[in-house]
Amino acid sequence: SCDTTEICNCSAMGLDFIPPGLTAKTTVLNLAHNRIKHIQSQDLWQAVNLRALLLQSNKISSIDEDSFRSLGKLELLDLSNNSLAHLSPVWFGHLFSLQHLYLQGNSYRDLGQSSLFSNLRNLSSLHLGNPGFSTIRQGNFEGVVLLDQLWIDGGNLSQYEPGSLELIRKINHMIINIKSISIVSAIVRDLLHSVAWLEVRKLDLSELDEMQLLRVMSNCFASKLSFKESLITDATVPDIVSIIADMPKLEEVELIDCRLLGTGRWKMQIHVNQSQTIKVMTIEKLSIEQFYLFTDLQNVQGLLSLLTKITVQNTKVFLVPCRLSQHLRSLEYLDLSSNLLGDQSLEHSACQGGWPILQTLNLSQNSLSDLEMTGKSLSHLRHLILLDISQNNFGDIPDVCKWPKTLKYLNLSRTQIRKVTTCIPPTLEVLDVSANNLKEFGLQLPFLKELYLTRNQLKTLPDAAPIPNLVAMSVRSNKLNSFSKEELKSFKHMVLLDAGDNNFICSCEFLSFIHHQAGLAQVLVGWPDKYMCDSPLAVRGAQVGAVHLSLMECHRSLVVSLICSLLFLVILSLVAVGYKCHAVWYLRMTWAWLRAKRKPRRAPPKDLCYDAFVSYSENDSDWVENIMVQELEQACPPFRLCLHKRDFVPGKWIVDNIIDSIEKSHKTLFVLSEHFVQSEWCKYELDFSHFRLFDENNDAVILILLEPIQSQAIPKRFCKLRKIMNTKTYLEWPSGEEQQEMFWENLKGALK
């Protein structure tokens, strides 16, 4: 489970214990999502160089006190989501390098009587708590001076001793997930001057009587305040706004995944001094059940004039009142993405005098459908530089549109545009028209420096003449097959090209041209990931000059031609050799042999039609047909012989005829001679068809030696024939007539 860098991933392996075999080389050990219940002293003793130990989501209920004693270099320890009922300071006594400690999601109810973390001088982030966590005492955080993040998850925390967190001099990010407002108030009182970012989660701010407890927050010197998953009502909004406005150093306010009960008709006027410090407001996924009845926020208009950055995402905003827009006199950045703004409501929201110094506007993923009207509604914004109107549905766009003269960055990706026209402002320096199914791009954009055409249907590169100052271009995931040297040469200032996920055919000469041509692309980012032969030409993001190509990539056509020629010659040679050696015939014979092998050893007696099948060479046919056949078939009683010339079935494959004839005969006569052992057909018969007769080890084979045969004349392939001739008696044809009479008597006796 360990890679070359000694990072060992043993997560989700069903382990019941820490596996043995850890060495001093191990730097990261991931044992998350197993079934480990106990950590013993010796389990980690050898892992002295361990930097990260991940034990979350196990069933750990006990840890030996010296289990972590050897981990002096450990920087991250995750024990979250286990079953630890108590925490021991001895565990952490020797973790001098520990920076990140996660203990949330266990079953302990408190942190003990003393500090668990007094020896953790380098501790940076600490996560504590669980649903049953109930008590924080003074001294629990003794020794902790600086923290980047402290997360206390104590939904049911009921006892907090004042001063428990006061010893921590600085906390960059404090996350409090506690239901009790009184406990939150006590914690905030200890952190008035030490916390930079205060984040409150799952707090019920619906009770007006409890809001006074949070007045202490108005004295907090935090620069950022976040409310997440909290409940707010019309009745408590004035108090919350008042507290926020009075915080002396507050610069940024966040409301994320919160819920507002009401429609903005607050029962009392909000009387607060205008905050001189708040510059940034972020609202994401604010749920307002009756959002369509929400008021125009006149009560808070005076608080918004100094805001420089506002984000309101995914909150069902369908209109920004004109008077509210006009009060946003300092606004430079506005993000209204993922809302319900339409063409008419945008015209009202961006009214004359509204957003007077706005520079960045994000209207992506709204309900805009008229690009001409969108440009006209925003044309009076004299400082607008960046406009994101992606993921709207514009469709066909006109030829003429009116835009702010200062506009330099325009995002029109995923807007269903079928064709770009001169409606696009000529002042642009950056244009993104990705994912629009464009088939061509030919706009005159003299100042354009960056062009993004990803995921379109382009078959050729855009013409360089209308965009002479282009520095970077992305044509990834189009239908480009190739582009010429002349096309690239025309982009005189191009330094970055992303042409990935196309189907190019390029050569070494082409790549060399790119590298050496002065003023042309020196860096290729995302050069085609796949070619016609699935071979990447260059590593993504690599310098062109650093790319070393193989012979295949340099001379693809030549290499492919050579390979095809060699392959053709090899196939042609195999065909010629096969033809000369009767390869097809041998294959057929092999198939017949396999079929014969599967047949029963003997045919039933009722299927035996012949007394003997005669195997002989054609050169010996005169003796067989005129002498032997006459003698045997005219005997009394006569013998019935099977001869291939006379008894084979016409049209049937000869091998099948041989096998069937042998199986239908009581005996097989082999007429041996010099011609027999030289005959190819006799070889095939003995090799493929007669093996069953030999293997049965019975008297079904009768050998007739027509003439003397030298042993060296018998081929080595006839090993069974030689074995039979050496072990069985055979009949030898005599030259004398008296002896011939004895020969026929013996042969007839053998056949009977």
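## Charges, rings and patches along the chain

E199, R201 and K228 are linked in a network of salt bridges, a salt bridge being a side-chain nitrogen of Lys or Arg within 4 Å of a carboxyl oxygen of Asp or Glu. The model is a predicted one, in which local features need pLDDT of at least 70 and side-chain atom pairs count only at pLDDT 80 or more, while totals for chains, interfaces and linings use all residues. Residues are numbered from 1 along each chain as its sequence is written, and side-chain values use heavy atoms, with hydrogens and water left out.

By the rule just given, the count comes to 17 salt bridges. One of these joins R137 to D110, with the closest N and O atoms 3.3 Å apart. Because R137 lies in the loop between β9 (135-136) and β10 (146-153), and D110 in the loop between β7 (100-102) and β8 (125-129), the pair ties together parts that are 27 residues apart in sequence; the helices (H or I, at least four residues) and strands (E, at least two) are DSSP runs numbered from the N terminus. R137 is buried, with a relative accessible area of 17%, whereas D110 is partly exposed at 26%. Here buried means under 20% relative accessible area, exposed means over 50%, and partly exposed lies in between, with a 1.4 Å probe and protein chains only.

Further along the chain, the side chains of E625 and K645 meet in a salt bridge with an N to O distance of 3.3 Å. This pair links distant parts of the chain, since E625 belongs to helix α11 (residues 621-633) and K645 to helix α12, 20 residues apart. Both partners count as partly exposed, E625 at 24% relative accessibility and K645 at 48%. A salt bridge is also formed by the side chains of D647 and R646, at 3.4 Å from N to O, and here D647 is partly exposed at 23%, as is R646 at 43%.

Aromatic rings give another set of contacts. Rings of Phe, Tyr and Trp (its six-membered ring) pair if their centres lie within 6.5 Å, and planes under 30 degrees apart count as stacked, over 60 as edge-to-face and the rest as tilted. By this rule the count comes to 10 aromatic pairs. F613 and F648 form a stacked pair, 6.2 Å centre to centre with 5° between the planes. That pair links distant parts of the chain, F613 being in strand β31 (residues 610-615) and F648 in the loop between α12 (644-647) and α13 (654-663), 35 residues apart. F613 is buried, with a relative accessible area of 1%, and F648 is buried as well, at 14%. Elsewhere, ring pairs link W91, F92, F117 and F141 into a cluster.

The surface carries patches, made of residues with over 30% relative accessible area and no salt bridge, in which like charges are joined within 9 Å and nonpolar side chains (Val, Leu, Ile, Met, Phe, Trp, Tyr) within 5 Å. Y292, L293, F318, L319 and L340 form a nonpolar patch with about 440 Å² of accessible area together. Among its members, F318 is found in the loop between β21 (309-313) and α3 (322-327) and is partly exposed, with a relative accessible area of 35%. D204, E207, D209 and E210 form a negative patch on the surface. D204 has its place in strand β14 (residues 204-205) and is partly exposed, with a relative accessible area of 35%.

Definitions and conventions:
Accessible areas come from the Shrake-Rupley method with a 1.4 Å probe; for residues, only the protein chains shown count as cover. Lys and Arg count as positive and Asp and Glu as negative; His and the chain ends are not counted. The place of a charge is taken as NZ of Lys, CZ of Arg, CG of Asp or CD of Glu.
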